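Let's practise reading charged side chains in a protein model. Keep the structure open while you work through the exercises.

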Amino acid sequence: MNFTRRAFLASSTALALAPAAYATGGETPFSRDDVIAMARDLASRDYAEREMVPQEWQDLTYQQYRSIRFRLDRALWYETETPYNVDFFSPGLYFPRTVKVSTVEDGMTKPVTFDLAMFNKSDDVPELPIDDTLGFSGLRLRTEMHRPGETDEFCVWQGASYFRAIGLHEVYGLSARGLALKTGDPDGEEFPEFVRFWLERPKPGQRNMVVHALMDSPSVTGAYQFNVTAGADCVMDIEATLFPRTELPHVGIAPGTSMFLFDQTNHSRFDDFRPAVHDSHGLLIRNGAGEVLWRPLANPTRLQISSFVDTNPRGFGLMQRKREFSDYADLEANYHKRPGLWVEPNGDWGKGTVTLVEIPADQEIYDNIVAYWRPMEPYAAGSQIDLSYRLIWGEEPQRTPMARVINTAMGDNTFGEGRLAVIDFEPSDLLDDPEAMTIFVSSPHAETSDGVLQRNPDTGGLRLAFSFEPADRTHVELRAQLLKDKQPASEVWLYRWTS
């Protein structure tokens with residue numbers, strides 16, 4: 001992947017934009033159908049790259065770009081009764097192409113024009129030329145969350161089709177994308193881009209805000225509508241209409257992109273004072289058959305792609321379950337405050353796979369984890385695909401009755417041959433009597449022990465330990481679950497061990 005975390009994290013350094021300065025140009029009628037028509041028209045023509053901003057903007061250093069900060073008093077709808085404000089980001093450095101932004105009020109749209117006076121900048125930023133290519137590289141939503149009468153940011157769109165959000169008392173972590181194309185393919189990944197945005201002005205007292213986006217890419221165009229509600233969890237209801245220019249045999253729907261460097265399963269590879277470094281802990285799946293699957297994430301030494309075959313999934317997402325500071329001991333990154341992201345399809349998505357891509361990484365600046373839904377049948381060129389789903393960003397955006405896996409550890413089996421796997425389950429009424437539990441452990445690749453179940457006095461839950469013998473294999477798939485009266489009492493724990 002060539003889009004690094006550093007490029008996306010630069011988005012958190014720019015700040016806000018001005019109310020009156022936006023109403024330039026004439027008003028025109030607007031509806032979501034207009035965005036769909038634009039996407040359909042774009043798909044009927046050859047793809048054309050957008051023009052880049054002047055070279056002086058592209059040559060900004062990282063520190064110079066960070067110092068260009070949007071003025072909070074210039075935010076869209078600042079100091080009005082509108083419950084949301086909007087900040088905008090400058091172009092330059094990692095963002096050489098800009099997006100067009102318009103507002104929508106009473107069914108009429110107006111363009112938002114770029115003005116360098118909207119930003120403060122440090123003295124070491126050189127003189128920057130202003131021409132017609134200039135616009136914004138992205139936008140950020142604010143609303144009243146933690147402080148009465150003051151706004152806090154909670155949602156950002158910037159770079160390709162990336163966006164991310166947080167709930168209350170959280171810090172930015174993993175990202176979502178409008179669409180993933182050919183992730184992990186040998187020929188390289190394609191990154192669709194949001195090229196235009198329309199911001200519907202919320203009425204006083206309105207809890208949600210609607211954002212429209214036009215997507216373009218060599219292989220596909222799309223019209224997106226985000227219905228966003230801030231709160232303890234940030235909830236986004238998304239309607240997307242895609243128009244493939246070419247056949248799409250490898251498309252990723254509702255992709256989440258995150259970072260996993262190490263935890264107890266692979267800490268020996270990293271000389272680091274922290275016990276763990278990751279934005280996401282594992283992949284949670286509720287499949288169409290009703291099973292609840294938990295797949296701890298890994299940072300492999302070779303590219304790994306895992307496919308979980310399903311029909312009409314109920315949901316999936318990347319979670320950050322460990323929520324204590326001591327789990328990470330990082331005063332700056334605050335990994336214990338990173339949100340999880342849950343994807344909930346609206347309607348039937350048919351046959352396909354929840355796909356997990358794990359890419360080797362040696363630094364935490366790289367997003368090396370991607371999870372998405374991959375339809376079984378390719379999308380045909382010239383077709384129209386309508387999708388509807390919900391994204392929930394928060395500390396625990398999805399809970400099920402099953403006892404959760406709260407920790408996975410791996411190590412050499414000091415009491416015998418092979419490797420030792422240790423799984424901790426949270427306290428649960430379903431796990432109140434260890435003697436009543438049936439242990440299920442299996443692998444299609446290696447011999448496993450029966451497993452030993454004990455009460456963990458530190459967590460109050462149960463700990464399952466078993467050994468397996470990988471021999472000369474480079475990878476081993478493992479599965480474990482606790483049953484009570486022949487019924488599931490815990491999540492299904494799935495793991496791919498790699499040498």
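Two exercises with worked solutions follow.

This is a predicted model, in which local features need pLDDT of at least 70 and side-chain atom pairs count only at pLDDT 80 or more, while totals for chains, interfaces and linings use all residues. Residues are numbered from 1 along each chain as its sequence is written, and side-chain values use heavy atoms, with hydrogens and water left out.

**Exercise 1.** Find out which side chain shares a polar contact with Lys322.

*Solution.*
- Step 1: Look in the loop between β22 (315-319) and β23 (340-345), where Lys322 is found. Strands are DSSP runs (E, at least two residues), numbered from the N terminus.
- Step 2: Lys322 is buried and has no salt bridge. Buried means under 20% relative accessible area, exposed over 50%, and partly exposed in between (1.4 Å probe, protein chains only). A salt bridge needs a side-chain nitrogen of Lys or Arg within 4 Å of a carboxyl oxygen of Asp or Glu.
- Step 3: Asp327, the nearest side chain of opposite charge, is 5.3 Å away. Here Lys and Arg count as positive and Asp and Glu as negative; His and the chain ends are not counted.
- Step 4: The partner is Asn407, whose side chain joins that of Lys322 at 2.6 Å.

**Exercise 2.** Describe the salt bridge between Arg245 and Asp216.

*Solution.*
- Step 1: The closest N and O atoms are 2.9 Å apart.
- Step 2: Arg245 lies in the loop between β15 (234-244) and β16 (251-258) and Asp216 in strand β13 (residues 208-216), so the pair ties together parts 29 residues apart in sequence.
- Step 3: Both Arg245 and Asp216 are buried.

How values were computed: Helices (H or I, at least four residues) and strands (E, at least two) are DSSP runs, numbered from the N terminus. A polar contact is a pair of N or O atoms within 3.5 Å; within protein, one must be able to donate a hydrogen and the other to accept it, and residues adjacent in sequence count only if both atoms are side-chain atoms.
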